[in-house]
Amino acid sequence: MMTALIRHAALGLALLAALTGCAGNPATGGASVVVMSESKEAKIGQEMYAEIQKEGAIYDDRELQDYVNRVGQRLVANSDRPDLPFTFTVIDSPDLNAFATPGGYVYIHRGLLAYLDSEAELAGVLGHEIAHVTARHAARQRAGSLTTQVLAVTAGVLTGSRDIMDSAGMYGTELVRGYGREHELEADGLGARYMYLSGYEPDALLNVIGVLKDQEQYQRVRAKAGGKPAGTYHGLYATHPRNDQRLQTVIRAASELDTGQVLEDPSIPGEFQRRTDGLPWGPRIKREDNRYYHNKLAFSFAYPPGWQVSSGSRAIVASAADGSASLTITLQKPDPQQTPQQALEAAASGGISHGLDLEQAGLQGYSALASGGGETRRLAVINHNWQFLFEGKADKFKAADADLLAMIQSFRPLHPQERNAGEQRYVRYIQVPRGATMASLAASIRLPDAEAQLRLLNGLYPSGEPRTGDWIKIIQ
């Protein structure tokens, strides 16, 4: 992923904005310095959206995407720019964040969705991000901020890398961390107005901020317990104090608007719960097709389409569908005095030729062809905790050897997330049984700080207990 992003940046896809002078701001009614044209804003948003699509970062749930889009479009219709096309997207990331890019692109991470409790809270997040676009906050930054590497920002979003975000320049950090105190407060006021005009209770925005401030407190407690300095939260609403009087004032102002009509809450009872039940919890690594993963021995290798892999107590065998070729993997304790080449030569029978040093994913190995008895085989030795021995055979060896060698060269250690890929957890809703407490509900969840995680998920951090029969979220 990162290689592709860096390559695109090197090809000159970093987008630069030019100063165009003063323009009126339709959302605020005032004059402000606008440092890029609307066509440039649209181009930036389109580039980032295309990159996010290409990298597979969009959460694969059509019904949830449609639901978020429906809520977002209702808010847009009651915004200062109802004519501007908006695209709403759920990102497949566990981070608690949301952001908007120029040109009407709004993103919310599935990690944040898990912590919301209602459609009104979702509308609060989306309305805030819509306001960043309608107020043209990206375009109102100083010109020096906007010599930006847009794809580096995208890389930071996709990988969650703070280092990448920090190096992406001022514009990038504004997207991910917020636009600064005044612009954030302006987005709150506009977003609250869009909520009210769409039938949502603006106070729900305060609930969302409370959820994220609980996360800040939890991170400080964890850091102190571990003897580490408390980190600084840089995500959504990071600029807001917990008891923000200015924020409460702008939200109350939205609630006091006189529209001359009764605005009904558009939420369908229970729909938000139905759409978010089953959200993946935490990081999610998708295992590749045509790749074998061994959790216990912590290795992986790729195999050609149509091949099958069987694992036994003595060997792991990858075989072509018609049985015409195979690669057998066995292991032995390594001799620290032997190099992989020496180990291969000691184990081989017949003549050895076409030796090849292997160095892949930090592993050292050696491969060669062994000939004898009218047969040629592909051999290899790779050290990875144990010593892995590879033997490839084929009816038509010359034609199959490229595949055999490619399989050997694809051998690598498991990434930590891949090792746990079979233990994906999900957010589920249950009704609280009689006598249950947060501690008792957390007892069956094998997660660090399970009780604290459940409390954060349900707005009961650091204390408080649910009532019997209440619907709460748990992690399964």
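## A strand pair to start with

In strand S15, Gly392 is the bridge partner of Leu327. That bridge belongs to a longer match: S11 (residues 325–332) and S15 (residues 386–394) pair in the antiparallel sense over eight bridges. Helices (H or I, at least four residues) and strands (E, at least two) are DSSP runs, numbered from the N terminus, and two strands pair if DSSP finds at least two bridges between them.

S15 also pairs with S14 (residues 375–384), again in the antiparallel sense, over seven bridges. Here Phe388 of S15 is the bridge partner of Ile382. The hairpin of S14 and S15 has one residue between the strands, and Asn385 takes a positive phi near 65°.

## What kind of model this is

This is a predicted model, where local features need pLDDT of at least 70 and side-chain atom pairs count only at pLDDT 80 or more, while totals for chains, interfaces and linings use all residues. Residues are numbered from 1 along each chain as its sequence is written, and side-chain values use heavy atoms, with hydrogens and water left out.

As for pLDDT (the predictor's confidence in each residue, from 0 to 100), the chain has a mean of 83, and 79% of its residues reach 70 or more. Two stretches to treat separately are residues 142–150, with pLDDT below 50 and 26 contacts beyond near neighbours in sequence, and residues 164–177, also below 50, with 42 such contacts. Contact means heavy atoms within 4.5 Å.

## The sheet of S3, S5 and S4

Now for an open sheet of three strands: the order is S3-S5-S4, and the pairing is mixed. S3 (87–91) and S4 (98–101) stand at the edges with a single partner strand each, so one side of each has no neighbour in the sheet. From one strand to the next, the twist averages 20°. S4 and S5 (residues 105–109) pair in the antiparallel sense over four bridges, and Tyr105 in S5 is the bridge partner of Thr101.

Two helices join in. H3 (residues 62–77) packs on the sheet, touching S3 and S5, and its direction makes about 140° with that of S3. H2 (residues 38–54) lies across S3, S4 and S5, running at about 40° to S5. Axes are lines fitted to C-alpha atoms, for helices over the stretch in contact, and angles run from 0 to 180 degrees between N-to-C directions.

## The sheet of S6, S17 and S18

Another open sheet of three strands has the order S6-S17-S18, with antiparallel pairing. Its edge strands are S6 (280–281) and S18 (471–475), each pairing on one side only. S17 (residues 425–431) and S18 pair over five bridges in the antiparallel sense; in S18, Ile475 is the bridge partner of Val427. H17 packs on this sheet, touching S6, S17 and S18, with its direction at about 140° to that of S18.

## H10 and its contacts

The axes of H10 (residues 204–225) and H11 (residues 245–255) come within 10 Å and cross at roughly 155°. That makes H10 roughly antiparallel to H11, a label for angles over 145 degrees (under 35 is roughly parallel, 65 to 115 roughly perpendicular, the rest oblique). Leu205, Leu206 and Ile209 of H10 meet Leu247, Gln248 and Ile251 of H11.

H10 also holds Arg222, which is in a salt bridge with Asp449, the closest N and O atoms being 4.0 Å apart. Asp449 lies in the loop between H16 (438–442) and H17 (450–457), so the pair ties together parts that are 227 residues apart in sequence. Counting a side-chain nitrogen of Lys or Arg within 4 Å of a carboxyl oxygen of Asp or Glu as a salt bridge, the total comes to 20.
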